[in-house]
Amino acid sequence: MIHYLIIGNGAAGLSAAEAIRRRDKRGRITIVSNEPYPLYSRPGIAYVILGRLSEEQLITRPLAFYKEHDLQLRFGTITHLDVQRQEARLDDGELLAYDVCLLATGSSAVRPPLPGIDLDGVISFDTLDDAKEVIAKGRRAKAAVVVGGGITAMELAEGFRHQRTTTHLLQRRDRIWPRLFNEHESAIIEEQIRHEGIKLRYHSEIAEILGDKGKVKGVLLKSGETIKCQVVGIAVGVRPNLQLLKESDIELNRGVIVNDFMQSSHPTLLAAGDVAQVYDRWTGEHHLDVLWPSAINEGRTAGHNMVDITMGREPSHAYRKGSPFNAAMLFGVHLTVIGRVGSTGADEAEQSRHYLSRGSSFVWTLPLSANQHSAWDNHGITSVRIVIAEGRIIGALLLGNQLLADPLRQLIEQEVPLGAYESALLAADADLPEIISNFWHQWRHA
Amino acid sequence: MFLNITQLFKAQQISTEIPSTSATVLKLVTADATRCVQCGICSYNCPVGIDVREYARRGKQVTDSRCISCSACVNMCPRGTLRWGDAALIFEDATVEVDPKMLPDALHLQPRFA
């Protein structure tokens, strides 16, 4: 019997399994999960720690779903993957021989090698179990320190604050999310952070996490100052889980380099989701995303092609990567990022070192070239920034009112030429929302 | 009715007034599947127990007749996935016609879920 092996039970893994089942009703599909849950919404863990959602409700595909579609869910860890022999070994010793395998192992939080990083009370925010720990420890903690500059750091800070814990949010530089936000956007979010009563510090880095009897009791900053706390949230970025391929000769960069069919350099090993480094047609390079819809779309493509491969055919479904996009909410303010918005002030060396935040894309913050121009406008907490190149909008970042988010997404995805509107948009003091909405209406009703 | 998009954009908050149902145009909860992360907050808050998440996952409009247009799901969604959209025409003989031009544009951009 044909055996499809999917390593990873997240958005990419399930999407692939569903795509396989749609075409192959009889092949055996094994999904290996190293978390003791059926598929749950990983982005939703932010809402669990805010008390907006129960843990049960977070489950997106209950166990009954796996049974109904004959998906064999195994709880355990794959310890060894032999790509040439097409075999994987589970931690209980069982050997799983496969016809085709999908690596969908996702990514994990980076833990910097700080003294005290292994103390009880140091939390990263990847999983539902992490969410449970945030709630349990947050309840008992008098104070929490969170370090990091992306969405996860902000969700953690908001989560601890929800428990009425005194919360310190440390930023290494002089802005919130300096890689993505300009100074004005950072100021809008900063206002919201302070409004929530979270203590925000810039130019702040942890030198050491201090402990007592194995538990966190505070942090020592590089400035020499100490902050007393019982819990430390580390959210400085994630990296793809590639441990299984360390000893293989699969082509790796920051992730698994895949072709248009989600195949790695070995035809029976595919990759999708956070681990897959996918071709981006706008930059002509392979890049990583840590985005939920990307994982779903890549998984679906991989699943479809896995069936072709087991039938001895060439893969037929080429993946067409869209412009990377995410919508989130930071301290009550809606945020949408689309395409390329450029990196504000990070130099080349920093770029190569940086780890992606969950819910972001490498493409967003690739530095802009000389012929790519940015324009920005705001009304209170609502702001819009667009990047223009080659006579069209290639990226946008919106805070607050999101009415222009979908129009901009269409204009970017469909590469609509701006014509005369380009100079209007780039003019000093341009009323961007007015011009963008006029342009969009004109395009829609042309 | 032309929506003054500029005025609305400059407003700090979009009005969350419950739309009235007229005899000729029905408003349905409309989902952009690419924004949906399937957290389930929508279904969790639905007072009549509709699995809104499932509609959102597929980018479909909520056509469950139990919907009372309370706006709880639209308001609570943290990703801006849900909104009120024009969808169907209800005729005097109570038949319903869905106008494909009224479906969310996002459906044309992304492949559909099964």
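**Close-up 1. R164(A) comes after helix α6(A).** In this predicted model, R164(A) follows α6(A) and has a positive phi, near 65°. Helix α6 itself takes in residues 151-162 of chain A. With 12 residues at 1.5 Å each, the helix should span 16 Å, and its end C-alpha atoms are indeed 16 Å apart, so the expected and modelled values agree.

**Close-up 2. Helix α6(A) is mostly covered.** Of the 12 residues in α6(A), 10 are buried. If you would like to pick some of them out, the buried residues include I151(A), M154(A), L156(A) and F160(A). Charged side chains are on the list too, with E155(A) and E158(A) among the buried residues.

**Close-up 3. Five strands form an open sheet in chain A.** Follow the strands across in the order β9-β16-β10-β11-β12, and you will find the pairing parallel. β9 (122-123) and β12 (199-201) stand at the edges with a single partner strand each, so one side of each has no neighbour in the sheet.

**Close-up 4. Strands β10 and β16 of chain A pair up.** Here β10 (residues 143-147) runs parallel to β16 (residues 231-234), and 4 bridges join the two. To find one of the partnerships, look for A144(A), whose bridge partner in β16(A) is V231(A).

**Close-up 5. E87(A) and its surroundings.** E87(A) sits in strand β5 (residues 87-90) of chain A. Its side chain makes a polar contact of 3.5 Å with the side chain of R85(A). Beyond its neighbours within four places in sequence, E87(A) is in contact with H80(A), L81(A) and D82(A), as well as L95(A), L96(A), A97(A) and Y98(A).

Conventions:
Residues numbered from 1 in each chain as written. Chains lettered and ligands numbered in written order. Predicted model: local features only at pLDDT ≥ 70, side-chain atom pairs only at ≥ 80, totals over all residues. Heavy atoms only, no water. Expected span 1.5 Å × (residues − 1). Buried < 20%, exposed > 50% of the residue type's maximum accessible area, 1.4 Å probe, protein only. Pairing = 2+ DSSP bridges. Polar contact = N/O pair within 3.5 Å; in protein donor to acceptor, adjacent residues only side chain to side chain. Contact = heavy atoms within 4.5 Å.
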